[in-house]
Amino acid sequence: MKKVFLTLLAFAIVSTTFFAQEVEQKSAPQKGHYNKSKFQQLKQELPTPNKQHTASGAPGHEYTQQQVDYKINLILDDENQKLFGEETITYHNNSKDVLDYLWVQLDQNMRAADSKRPDISSRGFSSRYTASNFTKSFIEKPFDGGFKIEYVNDANGNAIDHVINQTMMRINLPKPLASGEKFVFNIKWWYNINNYIEQRGRSGFEKFSDGNMAYAIAQFFPRLAVYNNVEGWQNMQFWGRSEFALEFGNYNVSITTPKDFTLNGTGVLQNPKDVLTKKQYKRYLDAQKSYDNPVFIVTPEEALKAKNGRTNETKTWNLYAENVRDFAFATSKKYMWDAMAVDLNGKTVMAYSLYPEEGKTLWEEHSTRVVANTLKVYSEYTFDYPYPQATSVNVQMGMEYPMICFNFGRTGPDGKYSERTKRGMISVVTHEVGHNFFPMIVNSDERQWTWMDEGLDSFVQILALYKYNSELFPMTRYPKNIVGYMKGDQSRLSPIMSQGDNVFNFGSNAYGKPAAGLFILRQTIMGPELFDHAFRTYARRWKFKHPTPADLFRTMEDASAMDLDWFWRGWFYTTGNNDIGIKEVKKYHITDKPTEQAKNLAKRYGFTLDQLPPSLFLVSEDSEEFTDDLKNKKAEDYSILNEYIKNNFSSEEKSILKAPNYFYELKFEKPGDLVMPIIVEFEYEDGTKERKQYPAQIWRLNDKEVTKVFPSNKAIRKITVDPDEQTADVDLSNNSWPKIKETKFEKFKKNQIKG
Ligand SMILES: [Zn+2]
């Protein structure tokens, strides 16, 4: 009942505005326009749903994807840093289409002497060169990288016609491959491994000061491109930045290394007894029961002995992985190997770390524990980690592959490390292990949409880091961290929905901003309960499949009953930013004496106030009609109000009715392009505080300015918009009322300090 009477009070103000608009419309006809509403649905931006990608965001009943199985034999030449490989590829055409050719990715060709990659970079001379940089830039012969393909043969050993276009190879099939058929073929190749520190890269070798090498090997074999009904063949060239699009399959890989090397990779070791010593094998088994602390399989002493020794003997590691989209491995004689069992809802998964002495003190404390924490937290927000193991390897970069990832974090020669190094190392391990979920299992197209794996992974990373150490990784930094980027030079910003090779500020565009957006959705717009369910639904729907952005956008709405098109439109499709402020606060008081404004309004409609039912009126404190007697009068003092209450409410209702003493009219402004909820904190004269959140839909009819009435029993001392900085508001100077002014003393003090 209280609502009825408040509506009555608001009548005078609201109808004035309405009337003013009507008058305006009588002027000259204006030009029309397209739908400019920020709440317009994304019908034109999203692809039309079909039987593979449905309107709900789930895979449809005709969803298919290809499968590609690999049997690979590798020999690592540690003397010359070369990798030799032979593979048998079995391509299963599960699509409904007949294929005339297959596309194979040759990522190493990005480093080939004839690569066009250097030609597309546009840069002048540097102002300074180190001797080594100068040599590399102007004197040295270019690195002889790229795959040297020895043959591409069919199962019977006959050569298959093929064409190489930079990082892509077209296999011209001897006869078209029908739906449901498979094609088996063999490739033999070798390549010079790059030094990933000097030449940069996602894989390669590192040479230590003791002369030993560590290899972090990936993109090392010709592997199939994705064929689907969204891209056809995803055969966009690899330029080094936008990552990979890959099919799932089973991998049986044998790698021959020097005998004193330790190795870990995608897949479970099939012959531990052949490659580990008796003692190591026993520890390998013991580790599978060690749930509390990591234990060494290859000890620091063994790594030290190997590092100082030399051998011409080799051994072969056999790894097998089921349903993975890629394969990588790391190996060195300098590696020690620790392990811990992780219980994931009754299933044991092994967490492993490999590291040289250069990272030992930091890594033995954190790496494997961080792997375990990451698997647990990500499983909670998505699905239980389905693979049998996850390995973190110490290298000088961060990069992810199924079941194995490369992470940085080295200590000083004394084993000491800074807080910053520790924080960086824990972050990168969490991030790269987290990539197992996005994109290794929720297998999005990285070549096209970097944000789909980096953004989602960086978001869950926030929750996982907080769980690992809430003091070291407080959540209050988000989404504040993205403000600097979002208010930056618009000519250097791209919408998140851009292909990764074509954007400035890659890190903020594809990692920070989408993660901050999801964080805002969870914490502020949807709430954790609705968000977590919807996000988990997306992850489960697309686990071991190929999702697109539309599948994520649609699922988040489908599973939550929240229309978020306005959020996707603003945050993902534009470079707009958020700025909401409080523009004006007017204090009103009620009176039963008709105000001039009300009289004029009635007159415009052809009435006198006597012809209308007895009414109450609102007088603004800054109006002349706000007299001293009105100032001291209490809301209960009005006879019209009391009469109305007496006639319309039961005695029980009356006992709980209390008319507000203060009526605030708040005007919020929105100089920013984005739409966001308005979060308001009211601080009363008595020091108490109250919060109110107005949904983003408040901006539906006016994108620049909105008015809210706020009746209150207590006088308001201060109003703050977005007090916890939850909405990436880029300008806080308009976020409080009254405007904070510097006192003379504060100004004086500031100048003193400066002097
Ligand atoms: Zn990443």
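Is E454 buried or exposed? With a relative accessible area of just 1%, E454 is buried, because anything under 20% gets that label. Keep in mind that you're looking at a predicted model. E454 also turns out to be one of the residues holding donor atoms for a zinc ion, so let's start from the whole chain and work towards that site and a few oddities.

**The whole chain**
- The protein chain has 755 residues, and 52% of them are buried.
- Along its principal axes, the C-alpha trace stretches about 105 × 65 × 60 Å.
- If you count up the secondary structure, you get 20 helices and 31 strands.

**Inside: the nonpolar cores**
- In soluble globular proteins, nonpolar side chains tend to be buried together.
- The largest nonpolar core here takes in 185 residues, and F185, F406 and W571 have the most contacts inside it.
- There's also a second, separate core of 14 residues, with Y588, L618, A635 and Y638 among them.

**Outside: a nonpolar patch**
- Some nonpolar residues sit on the surface: F125, F134, F138 and I139 form a patch there.
- Together, these four residues have about 480 Å² of accessible area.
- F138 belongs to helix α3, which runs over residues 131–139.
- F138 counts as partly exposed because its relative accessibility is 41%, and that label covers values between 20% and 50%.

**The zinc site**
- Three residues supply the protein donors of the zinc ion: H431 and H435 each through NE2, and E454 through two OE entries.
- Those donors lie 1.9 to 2.7 Å from the zinc ion.
- Along the chain, the donors follow the spacing H-x3-H-x18-E.
- H431 is in helix α8 (residues 419–434) while E454 is in helix α10 (residues 450–468), so this pair, 23 residues apart, links distant parts of the chain.
- Why is the arrangement of the four donor atoms irregular? The angles they subtend around the zinc ion run from 53 to 154°, whereas a tetrahedral label would need all angles between 85 and 135 degrees.
- Like E454, which is buried, H431 counts as buried, with 7% relative accessibility.

**A strand residue and its distant partner**
- V342 lies in strand β19, which covers residues 336–344.
- At 2% relative accessibility, V342 counts as buried.
- V342 and Q288 are 54 residues apart along the chain, yet 8.7 Å separates their C-alpha atoms.

**Backbone oddities**
- Most residues other than glycine have a negative phi, and most peptide bonds are trans.
- Where can you find cis peptide bonds? One joins F438 and P439, with omega at about 10°, and another goes from W737 to P738, with omega near -5°.
- P439 is in helix α9 (residues 436–441), while P738 is found in the loop between β31 (736–737) and α20 (744–754).
- N323 isn't a glycine, but its phi is positive, near 55°.
- You'll find N323 in strand β17 (residues 314–324), and its relative accessible area of 30% makes it partly exposed.
- A561 isn't a glycine either, and its phi is about 60°.
- A561 sits in the loop between α14 (549–558) and α15 (565–573), where it is exposed, with a relative accessible area of 76%.

Methods. Residues are numbered from 1 along each chain as its sequence is written. This is a predicted model: local features need pLDDT of at least 70, side-chain atom pairs count only at pLDDT 80 or more; totals for chains, interfaces and linings use all residues. Side-chain values use heavy atoms; hydrogens and water are left out. A nonpolar core is a set of buried Ala, Val, Leu, Ile, Met, Phe, Trp, Tyr and Cys residues joined through side-chain atoms within 4.5 Å. Buried means under 20% relative accessible area, exposed over 50%, partly exposed in between (1.4 Å probe, protein chains only). Patches are made of residues with over 30% relative accessible area and no salt bridge: like charges are joined within 9 Å, nonpolar side chains (Val, Leu, Ile, Met, Phe, Trp, Tyr) within 5 Å. Accessible areas come from the Shrake-Rupley method with a 1.4 Å probe; for residues, only the protein chains shown count as cover. A salt bridge is a side-chain nitrogen of Lys or Arg within 4 Å of a carboxyl oxygen of Asp or Glu. Helices (H or I, at least four residues) and strands (E, at least two) are DSSP runs, numbered from the N terminus. Donors are N, O and S atoms within 2.8 Å of the metal (3.2 Å for Na, K and Ca); water is not among the atoms, so sites may look incomplete. Four donors count as tetrahedral if all angles lie between 85 and 135 degrees; four count as square planar and six as octahedral if opposite donors are over 155 degrees apart and all others between 65 and 115; anything else is irregular.
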